[in-house]
Amino acid sequence: MKALTAKVAVVTGARQGLGEATARRLADDGATVVVADLQDPGALAAELEQRTGRRHAGVVLDVTDGRRLRAALDDVVARFGSLDVLVNNAGVSQPQLPLIETTDETYEHVMAVNARGVFNGIRAGGAIMAESGGGRIINIASYLGKRGLATFGVYSASKGAVISLTQAAAEELGPYGVTVNAVCPGTMVTQLMLDTLSATTGEENPDAEAWMRAYAGDRIPVRRMGRPADVAGLVSWLASDDSSYMTGAALNLSGGEALYF
Ligand SMILES: NC(=O)c1ccc[n+]([C@@H]2O[C@H](COP(=O)([O-])OP(=O)(O)OC[C@H]3O[C@@H](n4cnc5c(N)ncnc54)[C@H](O)[C@@H]3O)[C@@H](O)[C@H]2O)c1
């Protein structure tokens, strides 16, 4: 039997990047997966159905809207019978600027998606799982949640909030059989990272390969950038029964770039 057989999982921000890889991995490992995103993730849900021969679903939602998120999760329970795993992955980056040049709009938007979005997910998913007797909440933070980085101040703060929410939720929900953990990826190759690179270099099509080789060579002990599949593998383990004694953790997944706890 596969590790996630009979589990129902929701992954937010799953239309591309780390969320997409995670949705694919959870489906391959036996879960029924509901992919949720601002942009219609229907094509991915259909592909997962074809690939696994099981039912999955796609839902359009904005994680900043707490009521809509709760309604969507209730709908998952009504349709598939339970909510066992919630991966709060949806997130946005920020224009790379010092804090004294950062706009109110950037602050509001980054905090709304990255911090409030995860709060909305924990509140809604945690309530459903606590009532049903257990579950797994996995929040995608960042290594920058543990180390505020110049020109990424608001993003770093939003991910720090994700780690604090994870710890508080782990204490509150542990007695109900719900574990809550955060994954703190390092520098991963996704569209979000490539967009950030374009914004940083000012080039429309920067030589990403050369940049990645130089960056990894300088800063990452395992000498490569992270891949979406790296995150997917850790999330799958956190979603499984094997991880039942781990909660409140914020796990670095950075090829050694982040050596602090
Ligand atoms: N890529 C990296 O290097 C890296 C490193 C550390 C952490 N992260 C975090 O991992 C997560 C995924 O990042 P990614 O690189 O795959 O990003 P991405 O931009 O490739 O994908 C993010 C997805 O989230 C969706 N989304 C954005 N706002 C949303 C909202 N309000 N409601 C619902 N969906 C929304 C987007 O439509 C998109 O499909 C984010 O939380 C990000 O902060 C990424």
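The following exercises, each with a worked solution, concern a predicted model of a protein.

**Exercise 1. Overall form**

Determine how many helices and strands the protein has, and decide whether it is as compact as a globular protein of its length.

*Solution.* Step 1: the protein contains eight helices and seven strands. Step 2: its radius of gyration is 18 Å, and the globule rule gives 18 Å for 261 residues, so the protein is as compact as a globular protein of that length. Step 3: along the principal axes, the C-alpha atoms fill a box of roughly 50 × 35 × 35 Å.

**Exercise 2. Interior, contacts and surface**

State what percentage of the residues is buried, and describe the contacts and the surface of the protein.

*Solution.* Step 1: 49% of the 261 residues count as buried. Step 2: among contacts with a separation of 6 or more, 69% join residues that are 24 or more positions apart. Step 3: the protein exposes about 12,300 Å², of which carbon and sulfur atoms supply 52%. Step 4: there are 23 positive and 29 negative side chains, and the centres of these two sets are 5 Å apart.

**Exercise 3. Strand E6 and its partner**

Examine strand E6 (residues 178-185): are its residues mostly covered or uncovered, and in which sense does E6 pair with strand E5?

*Solution.* Step 1: eight of the eight residues of E6 are buried, and the strand is thus mostly covered. Step 2: in a regular strand, side chains alternate between the two faces of the sheet. Step 3: in E6, Val178, Val180, Ala182 and Cys184 point one way, while Thr179, Asn181, Val183 and Pro185 point the other way; all of these are buried. Step 4: strand E5 (residues 135-140) pairs with E6 in the parallel sense over six bridges. Step 5: one bridge joins Gly135 to Val178 of E6.

**Exercise 4. Asn139**

Locate Asn139, classify it as buried or exposed, and list its contacts beyond four places in sequence.

*Solution.* Step 1: Asn139 belongs to strand E5. Step 2: the relative accessibility of Asn139 is 0%; because buried means under 20%, Asn139 counts as buried. Step 3: beyond its neighbours within four places, Asn139 is in contact with Asn88, Val118, Ile122, Val162, Thr166, Val180, Asn181, Ala182 and Val183.

**Exercise 5. Gln191 and Asp241**

Classify Gln191 and Asp241 by accessibility, and give a distance for each.

*Solution.* Step 1: Gln191 is in helix H6 (residues 191-201). Its relative accessible area is 41%, so Gln191 is partly exposed. Step 2: Gln191 and Val10 are separated by 181 residues in sequence and by 21 Å in space, C-alpha to C-alpha. Step 3: Asp241 is in the loop between helix H8 (228-239) and strand E7 (250-253). With a relative accessible area of 51%, Asp241 is exposed, since exposed means over 50%. Step 4: Asp241 and Pro206 are 35 residues apart along the chain, and 43 Å separates their C-alpha atoms. Step 5: not counting residues up to four places away, Asp241 touches Lys7 and Arg136.

**Exercise 6. Positive phi angles**

Find the loops that hold Thr151 and Arg223, and state the phi angle of each residue.

*Solution.* Step 1: Thr151 is in the loop between E5 and helix H5 (153-173). Its phi is near 70°, a positive value in a residue other than glycine. Thr151 is partly exposed, at 25% relative accessibility. Step 2: Arg223 is in the loop between helix H7 (208-219) and H8. Although Arg223 is not a glycine, it has a positive phi of about 60°. Arg223 is exposed, at 53% relative accessibility.

Technical notes: Residues are numbered from 1 along each chain as its sequence is written. This is a predicted model: local features need pLDDT of at least 70, side-chain atom pairs count only at pLDDT 80 or more; totals for chains, interfaces and linings use all residues. Side-chain values use heavy atoms; hydrogens and water are left out. Helices (H or I, at least four residues) and strands (E, at least two) are DSSP runs, numbered from the N terminus. The radius of gyration is taken over C-alpha atoms; the globule rule is 2.2 Å times the number of residues to the power 0.38. Buried means under 20% relative accessible area, exposed over 50%, partly exposed in between (1.4 Å probe, protein chains only). Contact means heavy atoms within 4.5 Å. Accessible areas come from the Shrake-Rupley method with a 1.4 Å probe; for residues, only the protein chains shown count as cover. Lys and Arg count as positive and Asp and Glu as negative; His and the chain ends are not counted. The place of a charge is taken as NZ of Lys, CZ of Arg, CG of Asp or CD of Glu. Two strands pair if DSSP finds at least two bridges between them.
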